[in-house]
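Work through the exercises below with the sequence and the model at hand. Each task is followed by a solution in steps.

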Amino acid sequence: MDKKQVKRRIVLVPVPAQGHVTPIMQLGKALHSKGFSITVIQTQYNRVSSSQDFSDFQFLTIPGTLTDSDLKTLGALQFLMKLNEICEASFKHCLSQLLQEQGSGDDIACVIYDEYMYFSAAAPKEFQLPSVVFSTTNATAFVCRSVLAKVNADKFLIDMKDPEVQNSLFPGLDPLRYKDLPTSAFGTIEDIIKLYGEAVNTRTASAVIINSASCLESSSLSRLQLKLQVPVYPIGPLHIAASASSSLLEEDKSCIEWLNKQKPRTVIYISLGSLGRMETKDMLEMASGLSNSNQPFLWVIRPGSIPGSDWTESLPEEFSKLVSERGYIVKWAPQMEVLRNPAVGGFLSHCGWNSTLESIGEGVPMICRPITGDQKVNARYLESVWRIGVQLEGELVKETVERVVKRLIVDEEGADIRKRAIDLKEKVEASVRSGGSSCSSLHNFVNSLQTKSL
Ligand code: UDP
C-alpha cells in the first residue's frame, strides 16, 4: 500500500449486541492490519471503546435515544426497527462532518454497516461513497431471510402451527425444515418479515461481506452471489483471521484454572450466548442431566438469564447440590480460551453464529440447543451437513441431557463426531491462511477499495 492509500478510512456501524459487535470489530482489526484507518460510529446503545484492544480506532457516538416507555415495551426486533428510524438523520450528519473534517470525500474508502443497521445506507448513497453490508450470520441464514422476507405472513403462520409441516423440508432450502427457519422468539412473524425485508434489501450496497467460509457452505454462497448481483466476500471465520477482544462483560478467568485440573476431552462447556435465558425448571433438568452423566461441566449463567432472578439466588438448594460435585459456574467466560482448553470435550450451545464458528475453529463438537433466529439454521447444519453436532430437541428433560452428553463424550459415535470436527477445523484454518479462500476473498475486497472499483 502506498502512503496515500494508508490514510484511507473505513467507517464501521455495529449493532449494539455482543454477537454483532464481536465480528464487526474483528473485521475492523483485519482491515486495519491492511493499512486502513477505522472509525466506528455507534448509537447511544453501544459500549465498545478504544480501551478494548482498539486504541488506534476512532469512536464516534451519534445522538438518538428511545423513550423510556419504548425501552420497556419494545421487543428486540421492534427496538432494532425503531433504532433505524431514529438514527438515519444523525448518522448522515455525523458522516457529513467526517467528510468535511477530512477536507474532501475521497479519503473515506467505504461505509461498512451491519445488515440490521440499514439506516446507514442512505447517507453514503447521498455522498457517493461505497457502502458495504456486513452479515454477522452465515450465507445460508441470509438466503433464508431473503426467502422469509417474501412469504405470505398469514399462510406461513398457519403452516408453522402444524406439527407435520414443521418437521417437513422447506421447499428449496434442503436440509432445512420449516422449524429450522430463522423465525424469532423476540417478535411476531409480521415483525420478522418486515425486519428481514429491510435487512436483505441490499440494493444500494456495492458489496456484501459474510463472516463465513466457502468450505462451510459453498452452495449457499453461490446462491447468494447469484441473487444479490453485487460481489459477496466470504472472509471468515474472522476470529481466526483477526482476533480482537470486544467482550462487553467481564470475563471470569478462574474457570481456566479449574479446566486445567480436568482430564482431556471430558468437560462439557455450556453457554447460551449473550441473550439466551432459561427457566428455573429447565435449569434443574439440565443440572440433573449433567450430574447424572458423570462428566465435569463448566456452565455460564449470565446475571439476568433466569427470569425473575438477578442471578442464581432464586434456584432451589437442590440446584447447588447437583452442580457442587462436578460443575463450575461463571457469569461470563473467556469463551475462546475455554474452547481451546484440552479438557473441553463438547460445547452445549444455543448455536449463535460466533459460538458456532469458535467451536468449529477449535474442533470442539457441539450439543445444539437453539433458541431463536439463525441459531436454528446453524444447529441443523451442525447436525446434518457438517455432522459435528447433535441436537437436543423438544422439552428439556434430565434423561435426554444425560443421554446426549454420553453420546458425545463417552460413546463411539462421539469419537466419530470429534474426528469430523477436527477435519473441519483444519479446513477452516486453511481457508484463512495465505492462499485460502477467505484470505483471498479479503484480499480481493481490499483490492477493490484500493483500486476504487467497488
Ligand atoms: N461469549 C463469551 N463468554 C461467554 C459467552 C459468550 O465471550 O461466557 C462470547 C462468545 O465467544 C461469542 C459471543 O459471546 O463470541 C456470543 O455470540 P453468538 O453469536 O454465539 O451468540 P449471541 O450472543 O449473539 O446470541
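**Exercise 1: a helix pair**

Task: describe how helix α6 (residues 139–148) and helix α10 (residues 214–228) cross, and which residues make their contact.

Solution. The axes of α6 and α10 come within 8 Å and cross at roughly 45 degrees. Axes here are lines fitted to C-alpha atoms, for helices over the stretch in contact, and angles run from 0 to 180 degrees between N-to-C directions. Helices (H or I, at least four residues) and strands (E, at least two) are DSSP runs numbered from the N terminus. The model is a predicted one, in which local features need pLDDT of at least 70 and side-chain atom pairs count only at pLDDT 80 or more, while totals for chains, interfaces and linings use all residues. Residues are numbered from 1 along each chain as its sequence is written.

Next, classify the angle. α6 and α10 are therefore oblique to each other; angles under 35 degrees count as roughly parallel, over 145 as roughly antiparallel, 65 to 115 as roughly perpendicular and the rest as oblique. The crossing of α6 with α10 is left-handed, a term that applies if the near helix is turned anticlockwise from the far one by less than a right angle, with right-handed used if clockwise.

Then list the contact. α6 contributes Ala 139, Thr 140, Phe 142, Val 143 and Ser 146, and α10 contributes Glu 217, Ser 220, Leu 221, Arg 223, Leu 224 and Lys 227. Residues are in contact if their C-beta atoms, placed from the backbone, lie within 7 Å. By class, the contact of α6 with α10 has five nonpolar, three polar and three charged residues. Ala, Val, Leu, Ile, Met, Phe, Trp, Tyr, Cys and Pro count as nonpolar, Asp, Glu, Lys and Arg as charged, and the others, Gly among them, as polar.

**Exercise 2: the seven-strand sheet**

Task: give the strand order of the open sheet of seven strands, and find its edges.

Solution. The order is β3-β2-β1-β4-β5-β6-β7, with parallel pairing; two strands pair if DSSP finds at least two bridges between them. β3 (58–61) and β7 (232–234) are the edges, each with a single partner strand, so one side of each has no neighbour in the sheet. From one strand to the next, the twist averages 25 degrees.

Inside the sheet, β1 (residues 9–13) pairs with β4 (residues 108–114) in the parallel sense over five bridges. Leu 12 has Ile 112 of β4 as its bridge partner. Now add the helices. α10 packs on this sheet, touching β6 (207–210) and β7, and its direction makes about 170 degrees with that of β7. Helix α20 (residues 437–450) lies across β4, β6 and β7, at about 135 degrees to β7.

**Exercise 3: the six-strand sheet**

Task: repeat the analysis for the open sheet of six strands.

Solution. This sheet has the order β10-β9-β8-β11-β12-β13 and parallel pairing. Its edge strands, β10 (327–330) and β13 (389–391), each pair on one side only. Neighbouring strands are turned by 20 degrees against each other on average, direction ignored.

At one edge, four bridges join β9 (residues 297–300) to β10 in parallel, and Phe 297 stands opposite Gly 327. Helix α17 (residues 374–384) packs on the sheet against β12 (366–368) and β13, its direction making about 120 degrees with that of β13.

**Exercise 4: the ligand shell**

Task: how many residues surround the ligand, and which helix gives the most to the shell?

Solution. The shell has 17 residues, the closest being Gly 19, Gly 273, Ser 274, Gly 352 and Ser 355; a residue counts as near if its C-beta atom, placed from the backbone, lies within 6 Å of the molecule or strand. α2 (18–32) and α16 (353–361) each supply at least two residues, and α16 gives the most, with four. The classes are five nonpolar, eleven polar and one charged.

Technical notes
Contact = placed C-beta atoms within 7 Å.
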